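Biologist: Please choose one part of this model and take a close look at it, in terms that a first-year student can follow. Please then connect that part with the rest of the chain.

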Amino acid sequence: MEKTDKKASILEAAEKLFAELGYEATSTRNIAKEAGANMAMINYYFGSKEGVFMEIMSKRIVDFNTQLMSIDQDKLSGMEKLVKVIEGYAARVLCNHSLHKMMHRELSMPHRPEMFFKIKNAMAENLVVIEKIINTGIADGSFRQVDVRMLIATLMGTISNVAVSPSKITYGTTLDINNDEDREIITARLIAHLKDLLITFLTPKKDA
């Protein structure tokens, strides 16, 4: 149990530092100090700083996959499932937007293609579940025929864009994504927008 707790404390410390300082500026020494651990423990559990980062990302992806699988198995309409997916993903990303921003930046770096492809391949499994929900709705007639992957890119891209560049929607207001209450307002606004988009875009058009 103590080993499990120490591993968890290392991951928690690393996630905090990655979000605050970025990947490059965070060292294994910083992580060890923040976690109250030693360098040998980090090397033992993760092998390197990249190993720590990959563990954090993998856990987030797996957790979201568990949530997606649960939603997919619920006895809900396709639209209800998609709304729950959007609510869950938006909340996950915006509640830790600094880490998402850092992730977005680091995974776009050309000198870390191996890291990018590992994360990309893991995320692809989650996209398959969302794709299945939409395709099922199209097949049973509750959704109109659409370009499914473009729709997913629109939904996920919008959430990511708000997390990475919140000023695009907060410009001219006093809203600050770093403030808990303001972040709740921004998240609710984002979810409402995407829900409207889904309903408008996927609802079958009635014959004139």
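Modeller: The part chosen here is the largest pocket, and helix H7 supplies the largest share of its lining, ten residues. This is a predicted model, in which local features need a pLDDT of at least 70 and side-chain atom pairs count only at pLDDT 80 or more, while totals for chains, interfaces and linings use all residues. Residues are numbered from 1 along each chain as its sequence is written, and side-chain values use heavy atoms, with hydrogens and water left out.

Some terms are needed before the pocket is described. A pocket is found on a 1 Å grid over the protein atoms alone: it is an open set of points where a 1.4 Å probe fits, with protein on both sides within 12 Å along at least five of seven lines, and a residue belongs to the lining if it has an atom within 4 Å of a point. Grid points are joined across faces, edges and corners, and the volume is the space filled by probe spheres set on the points. Helices (H or I, at least four residues) and strands (E, at least two) are DSSP runs, numbered from the N terminus.

The largest pocket holds about 1000 Å³ of space. It is lined by 35 residues, and those closest to its centre are Tyr-89, His-100, Met-103, Met-123 and Leu-127. At least two lining residues come from each of H1, H4, H5 (78-95), H6 (97-107), H7 (113-139) and H8 (148-164). By residue type, the lining consists of 21 nonpolar, five polar and nine charged residues. Here Ala, Val, Leu, Ile, Met, Phe, Trp, Tyr, Cys and Pro count as nonpolar, Asp, Glu, Lys and Arg as charged, and the others, Gly among them, as polar. Domain 1 (1-47) and domain 2 (49-202) each give at least three residues to this lining; the domain bounds come from an automatic or database domain assignment.

The pocket belongs to a protein with ten helices and zero strands. The C-alpha trace spans about 70 × 40 × 35 Å along its principal axes. Of the 208 residues, 40% are buried, where buried means under 20% relative accessible area, exposed over 50%, and partly exposed in between (1.4 Å probe, protein chains only). One buried residue is Val-148, with a relative accessible area of 9%, and it lies in H8.

Two of the helices that supply the lining, H1 and H4, are also joined by a pair of charged side chains. Side chains of opposite charge can pair when their charged atoms come close. A salt bridge requires a side-chain nitrogen of Lys or Arg within 4 Å of a carboxyl oxygen of Asp or Glu, and the whole structure contains ten of them. In one, Glu-15 meets Arg-60 with N and O 3.6 Å apart. This pair links distant parts of the chain, since Glu-15 is in H1 (residues 2-21) and Arg-60 is in H4 (residues 49-73), 45 residues apart. Glu-15 is partly exposed at 22% relative accessibility, and Arg-60 is partly exposed at 23%.

Another salt bridge lies within H4. Asp-63 pairs with Lys-59, and their closest N and O atoms are 3.0 Å apart. The two residues are separated by about one helical turn because they stand four residues apart in H4. An α-helix has 3.6 residues a turn, so residues three or four places apart point the same way. Asp-63 is partly exposed at 29%, and Lys-59 is partly exposed at 49%.

Domain 1, with bounds 1-47, also contributes to the lining, and two helices with numbers in that range complete the picture. In H2 (residues 28-35), Thr-28, Ile-31, Ala-32 and Ala-35 are buried. These four lie on the same side of H2 because they cover an arc of only 100° around the axis, the arc being that of the directions from the helix axis to the C-beta atoms. Exposed Arg-29 and Lys-33 are carried on the face of H2 turned away from its buried side. After H2 comes Gly-36, with a positive phi near 70°. H3 (residues 39-46) contains Ile-42, which is buried at 0% relative accessibility. The C-alpha atoms of Ile-42 and Arg-29 are 9.3 Å apart in space, while the two residues are 13 residues apart in sequence.
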